[in-house]
Amino acid sequence: MRQVDVELGARSYPILIGEGLLSRAGCLAPYVAGERVLIVSNDRVAPLYLEQALTAFAGKATASLVLPDGESHKNLDTLSRIFDALIQGRYDRGTTLAALGGGVIGDLTGFAAAAYQRGIDFVQLPTTLLAQVDSSVGGKTGVNHPGGKNLIGAFHQPRCVLADTRTLATLPERELRAGLAEVIKYGLIADGDFFAWLETNMPALRSRSPEVLEAAIERCCQLKASIVAADEREQGMRALLNFGHTFGHAIEAAQHYRGWLHGEAVGAGMAMAARLSLRMGRLAEVDYRRILGMLAAAGLPQGAPVEVAAAELRQRMASDKKVERGQVRLVLLNRIGDAEVTLDYPQGKLDEVLRVDRVATLPA
Ligand SMILES: NC(=O)c1ccc[n+]([C@@H]2O[C@H](COP(=O)([O-])OP(=O)(O)OC[C@H]3O[C@@H](n4cnc5c(N)ncnc54)[C@H](O)[C@@H]3O)[C@@H](O)[C@H]2O)c1
Ligand SMILES: [Zn+2]
């Protein structure tokens, strides 16, 4: 088992990473302060892993709530169902919530924990690659609103994150690739050596080698943990984690969240941010080629879908949460492993990128 600590003073917590961790009876009991645990999951993940999660909490009084699967359920109505279960079951402030699933379940459950009785404990049991390397760490929780993604939420750190890499065996291929986009992101923004390691190990990641997956998840969690420890509330460097995301969110929104997966859109967004960096003379051509090669190796798109007009992308980007003084804040690259948040880029070059970087279909 590998352990990464998120250092946040009194709110510090461990990320435990390893194969088969969920099956270790009672391993999560030390992270539960009170007696009662409510595991929140969905109807896709619960049949696969709920029994194991119950075992992991052996010694505590544990119950479960199974919600419908899907991003479309990450809303206030579903959040209310968690509160209903807590209130009907007379759960008190000493209760721990556990999120068993991907980022949707993690964000929903974390927000319920942040708000129920002004805040109760929760633990994250992420079961997608994206959740294991990104969403379960760092304390961002929330739900979507018809007006936009993640518009309602809170910062609330978990007591523990347990990433059982064995759960990734049942993950659909497309979801695995989407998670790889976030893995690549860490190399690009913070660790050129890790990016080079990924170039060597991408085939092993695609074939789900347990050791290689575990090593990659550990490195991503270390990088995210250090960024979150330095800037928990995103007043500075945490914004680097949005690399590729302003472009990606515009793609997702243009497809009404029914097209590409988040990670696929972020893959395209990283290619577009890299191209803008190249055109501005910030990024060397060799680095740019390596980035496109890496996205191809991960089975990710290297540009926006052809059917979305450049003008729509531009307009969607302008309504991003990250707009400041009329200009969208973007994360651009100086080289692989070194990124910067900036308002300083020529609109004309951005427009060129929005027009040029296009793909007809997702890689097979
Ligand atoms: N809080 C954060 O910091 C943060 C960061 C990134 C993303 N997010 C959020 O995370 C969400 C995306 O997360 P996601 O990509 O995990 O999506 P998801 O939670 O929808 O999971 C993807 C699909 O895989 C299924 N699944 C999960 N684990 C499985 C397993 N082991 N085997 C088989 N199927 C499994 C899910 O039920 C779902 O159908 C978005 O809502 C996004 O906003 C949050
Ligand atoms: Zn993301």
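Let's start with helix 3, residues 103-115, which lies across strand 3, strand 4, strand 5 and strand 6. Helix 3 runs at about 170° to strand 5. Keep in mind, as we go, that this is a predicted model.

So what is helix 3 lying on? There is an open sheet of seven strands, and if you trace across it the order is 1-2-9-6-5-3-4, with mixed pairing. Which strands sit at the edges? They are strand 1, residues 2-6, and strand 4, residues 61-67, and each of these pairs on one side only. Neighbouring strands in this sheet are turned by 20° against each other on average, if we ignore direction.

Helix 2, residues 76-88, also packs on this sheet. The strands touched by helix 2 are strand 3 at 36-42, strand 4, and strand 5 at 96-101. The direction of helix 2 makes about 155° with that of strand 4.

Let me zoom in on one pairing in the sheet. Strand 6, residues 121-126, and strand 9, residues 160-164, pair in the parallel sense, over two bridges. If you want a spot to click on, Q124 stands opposite V161 in strand 9. And a reminder for anyone looking at side chains: in a regular strand they alternate between the two faces of the sheet.

Now to the loops around here. Most residues other than glycine have a negative phi. Here are two that go the other way. R90 has a phi near 55°, a positive value in a residue other than glycine. You'll find R90 in the loop between helix 2 and strand 5, and at 73% relative accessibility R90 counts as exposed. The second is Q117, with a positive phi near 50°. Q117 belongs to the loop between helix 3 and strand 6, and with a relative accessible area of 34% Q117 is partly exposed.

One more loop residue, please: T128. T128 is in the loop between strand 6 and helix 4, which covers 129-135. Is T128 buried or exposed? At 15% relative accessibility, T128 counts as buried. Leaving aside residues up to four places away in sequence, T128 touches G101, G102, G103, L168 and L171.

On to the metal, which I suspect many of you have been waiting for. Which protein residues are the donors of the zinc ion, ligand 2? They are E182 through OE, H245 through NE2 and H262 through NE2, at 2.0 to 2.2 Å from the zinc ion. Along the sequence, the spacing of these donor residues reads E-x62-H-x16-H. The pair of E182 and H245 links distant parts of the chain: E182 is in helix 5, residues 173-190, while H245 is in helix 8, residues 245-254, and the two are 63 residues apart. E182 is buried, with a relative accessible area of 0%, and H245 also counts as buried, at 7% relative accessibility.

Next, a helix pair. Helix 9 is residues 262-279 and helix 10 is residues 285-297; their axes come within 10 Å and cross at roughly 170°. Angles over 145 degrees count as roughly antiparallel, so helix 9 and helix 10 are roughly antiparallel to each other. If you'd like to see who meets whom, G267, M270, A271, A274, R275 and L278 from helix 9 meet E285, Y288, I291, L292 and L295 from helix 10.

Further along the chain there is a hairpin. Strand 13, residues 330-335, and strand 14, residues 338-342, run antiparallel and are joined by five bridges. Within that pairing, L332 stands opposite E340 in strand 14. The hairpin has two residues between its strands, and G337 in the turn has a positive phi of about 100°.

Last topic, cysteines. How many disulfides does the structure hold? Zero. Why is C27 not bonded to C160? The closest cysteine sulfur to that of C27 is in C160, and at 8.0 Å it is too far for a bond. C27 is partly exposed, with 22% relative accessible area. What about C220? Its closest cysteine sulfur belongs to C221, at 6.9 Å, again too far for a bond. C220 is buried, with a relative accessible area of 0%.

That's the tour, thanks for listening!

Key. Residues numbered from 1 in each chain as written. Chains lettered and ligands numbered in written order. Predicted model: local features only at pLDDT ≥ 70, side-chain atom pairs only at ≥ 80, totals over all residues. Heavy atoms only, no water. Donors = N, O, S within 2.8 Å, 3.2 Å for Na, K, Ca; no water. Helix = DSSP H or I, 4+ residues; strand = E, 2+ residues; numbered from the N terminus. Buried < 20%, exposed > 50% of the residue type's maximum accessible area, 1.4 Å probe, protein only. Pairing = 2+ DSSP bridges. Axes fitted to C-alpha atoms, helices over the stretch in contact; angles between N-to-C directions. Contact = heavy atoms within 4.5 Å. Disulfide = S-S within 2.5 Å. Parallel < 35°, antiparallel > 145°, perpendicular 65-115°, else oblique.
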